[in-house]
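Reader: Hey, can we go through this one together? I'd like to start with the empty space inside.
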Amino acid sequence: MEMMTDDGARETLKPLVFRLHENTPAIVREVLLERGWTEFDQKEQDDADWNLYWRNSPFPMTDHHSIKPWQRLNHYPEAVRITRKDYLARHLKRMKGAYGSALYEFSPVAFIMPNDYIKFITEYSKERQSVGRRSSYWICKPVHLSRGRGILIFQDIKDLVYHHAVIVQKYISNPLLISGYKLDLRLYVCVTSFCPLTIYIYEEGLVRFATEKFDLSSLDNIYAHLTNTSINKYGASYRTYKEGVGCGCKWTFSKFRSYLRIFGVDDVLLWQKINNIVILTLLAVIPLPEASNCFELFGFDILVDDEFKPWLLEVNYNPALCLDCSIDDAVKRKLLHDIIELLNYKQIDTHRQNEMPGSKAVRRQMPWRRTSQSAPEKAPGLLSCRKVSTLISASPTQPTLQFASGSIHKVSTLTKKTPRAHPRETLTSQLREKMNMPKASSQAKTEARNKLTAVNSPFISAQLSRWSPSPEVCNYKLSKRPYFLSDKDQMPVCQVGGFVLIFPFNEAALQASKDNIDVKSIIKEINKLMCKQNSTRERKA
Ligand code: ADP
């Protein structure tokens with residue numbers, strides 16, 4: 001990388017350095033090498049001469065304590081507080097108690113076994129006894145396992161068997177289906193600071209399909225009920241062409257949202273609700289122990305039901321970065337590039353360039369980033385509470401946050417893209433133009449819209465469930481259109497690559513998330529935001 005020195009001379013900086021712990025997915029190394037980084041070599045380099053340390057498990061606290069200003073760790077201490085199923089259930093239950101179940105009703109009712117056994121039996125019996133009510137389905141998941149291992153779905157309690165700690169959760173038995181196949185969403189969320197809370201959501205993501213048709217009469221068919229790729233890639237239908245879904249078991253969000261729009265589904269409303277879920281979930285684990293210079297990439301699993309209500313299934317620590325198909329490659333590679341942009345090394349590495357012994361010795365010209373990539377935008381976060389408050393007042397270069405209202409703050413550098421609410425008609429007509437939409441789809445959409453009263457209706461999901469989309473439907477480019485549909489005064493305008501800042505979303509939320517984070521005030525702001533979102537929707541309907 002070349003930089004201008006104070007006296008105007010060009011100076012080539014030494015490349016950024018990464019450290020990988022064992023079992024780090026290969027794509028992390030690939031992306032960093034693509035960006036011109038070099039791998040840390042303990043024999044050759046000073047102990048502190050690295051910029052990013054990536055590992056799949058939590059870091060020892062000594063690594064947190066000895067962190068240098070130019071270094072970043074990919075985990076926060078105790079981030080597992082929301083990534084273990086039982087911990088998450090406990091935190092969300094506490095939040096329901098404190099702030100009302102209406103706000104936190106996005107997570108299916110859950111019981112932690114064996115402790116909650118009596119409570120579960122009481123709920124189960126109550127349901128069974130209520131006349132005219134169809135008894136629920138339940139899903140039992142081991143708390144310490146992932147990738148669909150050890151999961152059991154049941155309706156009758158006599159089928160419930162467990163040997164270890166599990167959670168028993170209400171099974172969402174009316175999922176949105178596309179051509180009869182169940183799906184869920186793997187959403188990438190990057191927290192660059194827990195204090196002040198700074199949350200970015202990745203616009204692109206993965207839709208993961210089951211590979212056999214959904215059928216409540218065969219609860220033990222994992223290929224029909226579980227959407228984990230780790231399971232479905234071994235299914236008999238994985239490679240075959242499945243009507244409506246295609247081969248394999250993945251789509252991108254862009255493709256999914258394109259399909260929703262064809263049917264007149266308000267995907268922006270759906271994404272707003274998902275954003276709210278992400279914020280409310282992360283608030284449940286606050287405060288985490290103070291730690292600077294870390295970030296956390298979470299994988300949120302969201303199931304959408306046939307009324308287009310999103311449900312949080314779980315939050316993943318180390319979301320899978322393996323590449324099972326070309327869709328994985330496209331989404332995850334770009335995701336990793338964008339994470340590095342978000343970390344803003346161009347700004348933070350100056351300390352290492354100046355302070356590390358021999359830092360100017362290696363004068364190699366490195367390709368800082370691929371030519372196709374756009375200039376990095378600066379991002380907030382990655383600072384401990386104390387540092388942030390100092391920097392906000394002290395440093396002219398420190399990016400902070402700016403909201404569309406024009407209020408605050410030093411993040412003017414962040415505001416490259418200004419999401420603006422487009423009327424839905426414009427979006428759909430753009431989409432139609434881009435997609436050269438087949439007549440039948442257009443009719444289906446009009447029909448669906450006629451029946452759509454206020455919000456997304458089950459009528460549309462029934463259509464989606466039966467529909468076989470034509471292959472020529474193309475992807476609608478997410479980044480070319482506004483992410484948030486919103487009240488102009490509320491929404492942030494910060495986007496770094498595919499990452500969009502969703503929290504803080506206004507000045508009050510920012511203030512409440514600093515120092516001694518004031519969750520109550522933040523919840524108040526979220527309630528206000530949700531009211532505004534609802535009234536905007538009602539006006540449009
Ligand atoms: P794991 O960590 O083992 O992947 P998840 O909670 O993500 O556990 O569940 C695995 C899969 O099971 C999900 O991807 C989803 O398809 C299905 N699933 C999990 N919980 C529910 C639920 N409450 N309702 C409906 N489907 C569920």
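Author: Sure. Keep in mind that this is a predicted model. Its largest cavity has a volume of about 310 Å³.

Reader: How many cavities turn up in a search of the whole structure?
Author: Eight, counting those of 30 Å³ or more.

Reader: What lines the largest cavity?
Author: It is lined by 26 residues. I139, K141, I151, L226 and L313 lie nearest its centre. The elements giving two or more residues to this lining are β8, β10, β12, β16 and β17.

Reader: Which element gives the largest share?
Author: That is β8, with three residues.

Reader: And how do the lining residues divide by type?
Author: There are 10 nonpolar, six polar and 10 charged residues in the lining.

Reader: New topic. Where does the ligand sit?
Author: In the largest cavity.

Reader: Which residues are closest to the ligand?
Author: K141, G148, T227, N228 and E314 are the closest, out of 24 that surround the ligand. That shell divides into nine nonpolar, six polar and nine charged residues.

Reader: What does E314 do there, in terms of distance?
Author: An N or O atom in the E314 side chain is 2.5 Å from an oxygen atom of the ligand. A polar side-chain atom of D301 lies 3.4 Å from a ligand oxygen. With R147, a polar backbone atom is 3.3 Å from an oxygen of the ligand.

Reader: How much of the ligand does the protein bury?
Author: The protein buries 99% of the 540 Å² that the ligand exposes when taken alone.

Technical notes
Residues are numbered from 1 along each chain as its sequence is written. This is a predicted model: local features need pLDDT of at least 70, side-chain atom pairs count only at pLDDT 80 or more; totals for chains, interfaces and linings use all residues. Side-chain values use heavy atoms; hydrogens and water are left out. A residue is near a molecule or strand if one of its heavy atoms lies within 4 Å of it. A polar contact is a pair of N or O atoms within 3.5 Å; within protein, one must be able to donate a hydrogen and the other to accept it, and residues adjacent in sequence count only if both atoms are side-chain atoms. Accessible areas come from the Shrake-Rupley method with a 1.4 Å probe; for residues, only the protein chains shown count as cover. On a 1 Å grid over the protein atoms alone, a cavity is a set of points where a 1.4 Å probe fits but cannot get out, and a pocket is an open set with protein on both sides within 12 Å along at least five of seven lines; lining residues have an atom within 4 Å of a point. A molecule sits in a cavity or pocket if more than half of its atoms lie within 2 Å of its grid points. Ala, Val, Leu, Ile, Met, Phe, Trp, Tyr, Cys and Pro count as nonpolar, Asp, Glu, Lys and Arg as charged, and the others, Gly among them, as polar. Grid points are joined across faces, edges and corners, and a volume is the space filled by probe spheres set on the points. Helices (H or I, at least four residues) and strands (E, at least two) are DSSP runs, numbered from the N terminus.
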